[in-house]
Amino acid sequence: MEITIDIEDPMPLFTQIVEQIKSAIVSNKIKPGDSLPSIRQLANDLELNSKTVAKAYKLLERDLVIQSKGYRGTFVHPDALMNSKIDMNGEVLAQLNQAITACKSAGVTDSEIRIAFTHAMNSNNK
Amino acid sequence: MSIHILFYVLFLSQIILISYYYPKKIINRIDEVIKNYPPEGYPKLYPESTEKVVAAKKRYQLLNRIIIIIGFILIAIYARMSVDYDRNDKFAEGLPLMFGIVQYIPFMLLELSGFRQFKLMRKANKSTSRTAGLAPRKLFNYVSPISVVTAIVLVSTYLFFDLYINNFNFTSDFLIKIFTLCLVHGLFIGLTIFHLTGKRLDPHQASKDRTQQTEFSIQSMVFCSMFFSVFLIAGSAVEAYELGYMEIIINSIYFQVIALVGIGGTLRAVRLDNVNFDVYKADKIIL
């Protein structure tokens, strides 16, 4: 199984990696428990900075699509299939659109929405 | 006298094998590639003009011819001088070793030229699309654990054997051998890590060809490690049992075995009809 990225695609490189690994899981090309290449190997094969691949792996790990087992390497998570199918982006986008529309109807300006959004994100991350 | 005849046969075989037979095979292969996969159909294969490739090939050919002549001169000098020596004496034992190193210079230059070609290929590669496999490359996917364990056992055997015959004294000779052993194995380990996780030298190479190349390289390094340990054990045995006259024979055999495994193995493992040359066509994307 191979993944292909396009360095001139407007989609960020780490997102392309995340999407392609999820797509490989959904199409059963890689299965739960399968081992994945190391960050260094994938970065060198794709001629990318290893930080980009590390970021993609971190996001996949956070979404419980892959799991790191220390020196043994990185593996596809047992619940990867289910976690790869859920399109969180669509859900989040729909919620945000609803909130933005509501704010705009109430007369809130774009910059006020952006500031409020950043403030909400920052306070949630604390 | 018989030991001298044996040496002549082996040294002649060393000259022919490393400086005539394998270079001829390599040159035939270069010609075959240029003939069957010309720049018009496979432009990605030629980051430089074919004239430069032909010039490099001729330089390689000339260098090997010079080495063959030097080899024959050395045989003549050896024949002239060896009559003065007793058959059980150590005589010119470094000759096959030093000459063997010289014989490998054209191959090293050819390798360096290959690296330069790959660099130019990478520079000329304008594709924005990049592909990678999702299977990890692990050592034991390419070489059997038995081979690796055998190589480790042979290194340990050599260390124990050398210490045993020297009554467990760390002599300066032993320390030099340890240093050489570490240097050679450090290089092998570094090259293995590079093959497993390093950058792809040829940006167009098909993944199947890369897998095959990695497999062959790692396996030949493991076998070279085994032969190196055997060579060191034989060297120590020669010293311990006062078989000095055998050293020159062992040195010549060692270089020929390395050539058979390294160069011969590459030529056998990487066959042109098995290589995917379609990736070098202008209208194809990287596979």
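Here is a walk through this two-chain model, from the place where the chains touch to the helices and strands within each chain.

The model is predicted, with local features requiring a pLDDT of at least 70 and side-chain atom pairs a pLDDT of 80 or more, while totals for chains, interfaces and linings use all residues. Residues are numbered from 1 along each chain as its sequence is written, and chains are lettered from A and ligands numbered from 1 in the order in which they are written.

Let us start where the chains meet. Chain A gives 22 residues to the contact and chain B gives 15; two residues are in contact if their C-beta atoms, placed from the backbone, lie within 7 Å. On the side of chain A that touches chain B, the elements giving two or more residues are β1 (2-6), β2 (35-36) and α2 (39-45). Helices (H or I, at least four residues) and strands (E, at least two) are DSSP runs, numbered from the N terminus. That side of chain A has ten nonpolar, six polar and six charged residues. For these classes, Ala, Val, Leu, Ile, Met, Phe, Trp, Tyr, Cys and Pro count as nonpolar, Asp, Glu, Lys and Arg as charged, and the others, Gly among them, as polar.

Now look at β1 of chain A. β1(A) pairs with strand β1 (residues 129-133) of chain B in the antiparallel sense, over five bridges; strands pair if DSSP finds at least two bridges between them. Along this pairing, Thr4(A) stands opposite Thr131(B), and Ile5(A) stands opposite Arg130(B). Ile3(A) and Ile5(A) make up the covered face of β1(A), whereas Glu2(A), Thr4(A) and Asp6(A) make up the uncovered one.

Staying in chain A, we come to an open sheet of three strands in the order β2-β4-β3, with antiparallel pairing. β2 and β3 (66-68) stand at the edges with a single partner strand each, so one side of each has no neighbour in the sheet. β3(A) and β4 (residues 74-76) are joined over three bridges, and Ser68(A) stands opposite Thr74(A). Helix α3(A) lies across β3 and β4, running at about 110° to β3(A). Angles run from 0 to 180 degrees between N-to-C directions, and axes are lines fitted to C-alpha atoms, for helices over the stretch in contact.

Within α3 (residues 50-62) of chain A you will find Ala54(A). Why does Ala54(A) count as partly exposed? Because Ala54(A) has 15 C-beta neighbours inside 10 Å; 20 or more would make a residue buried and 12 or fewer exposed, with partly exposed in between and C-beta atoms placed from the backbone. The C-alpha atoms of Ala54(A) and Ile39(A) are 6.1 Å apart, although 15 residues separate the two in sequence.

Finally, turn to the helices of chain B. α1 (residues 2-36) and α8 (residues 247-269) pack at an angle of about 20°, with their axes 10 Å apart. α1(B) and α8(B) are therefore roughly parallel, the word for angles under 35 degrees, with over 145 being roughly antiparallel, 65 to 115 roughly perpendicular and the rest oblique. The contact of α1(B) with α8(B) has 14 nonpolar, five polar and one charged residues. The axes of α3 (residues 95-124) of chain B and α8(B) come within 8 Å and cross at roughly 20°. Here the contact has seven nonpolar, three polar and no charged residues.
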